[in-house]
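These notebook entries record what I looked up in one protein structure. I began with the whole chain and then turned to single strands and loops.

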Amino acid sequence: MKAWFKRMGGVSALVVGGVLSGCGHGITGLGLVTGHRLECDAASNVCGLSNTQQYSFAIQGHGTCGTIGVNWGDGFSQNRAGDFAATTSRTWIGMDHRYSRPSAGQMIHSWPGPKQVHAYSVANCVGEARFPFHLMHATKQSDGSIRHNAAFILAMGAKLGKPCNSLPDMVDLRIGSRVIIDELPSNSDMNFGCLFNGCINGPEGNAGPVSGAFPFPTMRRHSLVLRVVNPVAGQVQLVQGQAQRTEFVVNANGPLEFCVNDDALGDNTGGWGLAIQVDETAAR
């Protein structure tokens, strides 16, 4: 089953995982409870689950399990008793999850992109099941409506007070996640203030000289640099921005920072349009 869904009006039964044969108890499948609708991105025709809504999942199985674990695909896990035989249906157990959570007075959202829910045995159970999906990013429009995008759309302006900035309402990245950043088509890039407009660049920057006055002397001049910092573990990951698409696997837990490799930020104009997805199916 693909990790995202093409355009659909709703979903009544999305169940994945193998069926166990010859077992007295265990997990046989996993899916959304009937009634949830998918949210779709009109531009990309990708559909999935919203990062602002609560979803009810059905762990399918039979018999009596000791403890079932569920990895929600966003860095959070949950355990619960797995007595299928004690439920009204005798075939499934329901659990709820929301891909955003309050923290310090604001909502923190998971990055959009491919995810998967994983149900598995913690104790005295057998079997497992996975539910792949695409998490969509919800944004409120000027008319009050909600639009869902398959990627987080970032307008990275040139007027920055510091070389690196993060998005405080987005969750930290996890090791093993794959970050995919596409440059959006536009009529202009970032103008770095050179004489006669001699350095208007995309995220890949240019091959000009880079001195110690630049925040990242080992990276390309006037370019996008992605940074992930884990101060507790003393880890720093730097990734060079590329033309059209930048893709990398995270090796340090921490917030995703968007940096401009420039020795004089004050004279910059224009900006970059970026579409960010985070594939967490292999994250840990």
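The entries below go from the overall chain to selected strands and residues.

**Entry 1: the chain as a whole**

I noted at the start that this is a predicted model. I looked up the secondary structure and found 0 helices and 24 strands in the protein chain. The C-alpha atoms fill a box of roughly 75 × 45 × 35 Å along the principal axes.

I then asked what share of the 284 residues is buried. The value is 48%. The accessible surface of the chain comes to about 13200 Å², and carbon and sulfur atoms account for 51% of that surface.

Next I checked the contacts between residues with a separation of 6 or more. Of these contacts, 67% join residues that are 24 or more positions apart. For the charges, I recorded 21 positive and 20 negative side chains. The centres of the two sets lie 5 Å apart.

**Entry 2: an open sheet of four strands**

I looked up one open sheet, which has 4 strands in the order E16-E23-E20-E21 with antiparallel pairing. Its edges are strand E16 (164-166) and strand E21 (235-240), and each of these pairs on one side only. On average, neighbouring strands of this sheet are turned by 25° against each other, with direction ignored.

As background, I reminded myself that the strands of a sheet pair through backbone hydrogen bonds, either parallel or antiparallel.

I then examined the edge at E16. Strand E16 is joined by 3 bridges to strand E23 (residues 256-260), and the two run antiparallel. Which residue of E23 stands opposite Cys164? I found Cys259 in that position.

**Entry 3: strand E22 and its surroundings**

From E21 I moved along the chain to the loop between E21 and E22, where Gln244 lies. Gln244 has a positive phi of about 70°, although it is not a glycine. I asked whether Gln244 is buried or exposed. Gln244 has a relative accessible area of 63%, so it counts as exposed.

Strand E22 itself covers residues 245-249. I kept in mind that side chains in a regular strand alternate between the two faces of the sheet. In E22, Thr246 and Phe248 form the covered face, whereas Arg245, Glu247 and Val249 form the uncovered one.

I also looked up a partner of E22. Strand E17 (residues 178-183) is joined to E22 by 5 bridges, and the strands run antiparallel. Within this pair, Ile180 has Glu247 as its bridge partner.

**Entry 4: strand E5, its partners and the loop after it**

I asked why strand E5 (residues 46-50) can be called largely enclosed by the rest of the structure. The reason is that 5 of its 5 residues are buried.

Strand E5 is joined by 3 bridges to strand E4 (residues 39-41), and the two run antiparallel. Here Cys40 stands opposite Cys47. The hairpin of E4 and E5 has 4 residues between the strands, and Asn45 takes a positive phi near 65° in this hairpin.

I found a parallel pairing as well: 2 bridges join E5 to strand E13 (residues 128-140). In this pairing Ser50 of E5 stands opposite Met136 of E13.

I then followed the chain into the loop between E5 and strand E6 (54-62), which holds Gln53. Gln53 has a relative accessible area of 28%, so it is partly exposed. Which residues does Gln53 contact, leaving aside its neighbours within four places in sequence? They are Glu39, His97, Arg98, Tyr99 and His148. One of these, Tyr99, is 46 residues from Gln53 in sequence, yet the C-alpha atoms of the two are 7.2 Å apart in space.

**Entry 5: two further loop residues**

I looked up Arg90, which lies in the loop between strand E8 (77-83) and strand E9 (92-98). The phi of Arg90 is near 65°, a positive value in a residue other than glycine.

Finally I turned to Phe196, in the loop between strand E18 (190-191) and strand E19 (200-201). Phe196 counts as exposed because its relative accessibility is 75%. I compared the position of Phe196 with that of Phe76: the two are 120 residues apart in sequence and 52 Å apart in space, C-alpha to C-alpha.

How values were computed
Residues numbered from 1 in each chain as written. Predicted model: local features only at pLDDT ≥ 70, side-chain atom pairs only at ≥ 80, totals over all residues. Heavy atoms only, no water. Buried < 20%, exposed > 50% of the residue type's maximum accessible area, 1.4 Å probe, protein only. Contact = heavy atoms within 4.5 Å. Areas by Shrake-Rupley, 256 points an atom, 1.4 Å probe, with all protein chains shown as cover. Lys, Arg positive; Asp, Glu negative; His and termini not counted. Charge placed at Lys NZ, Arg CZ, Asp CG, Glu CD. Pairing = 2+ DSSP bridges. Axes fitted to C-alpha atoms, helices over the stretch in contact; angles between N-to-C directions.
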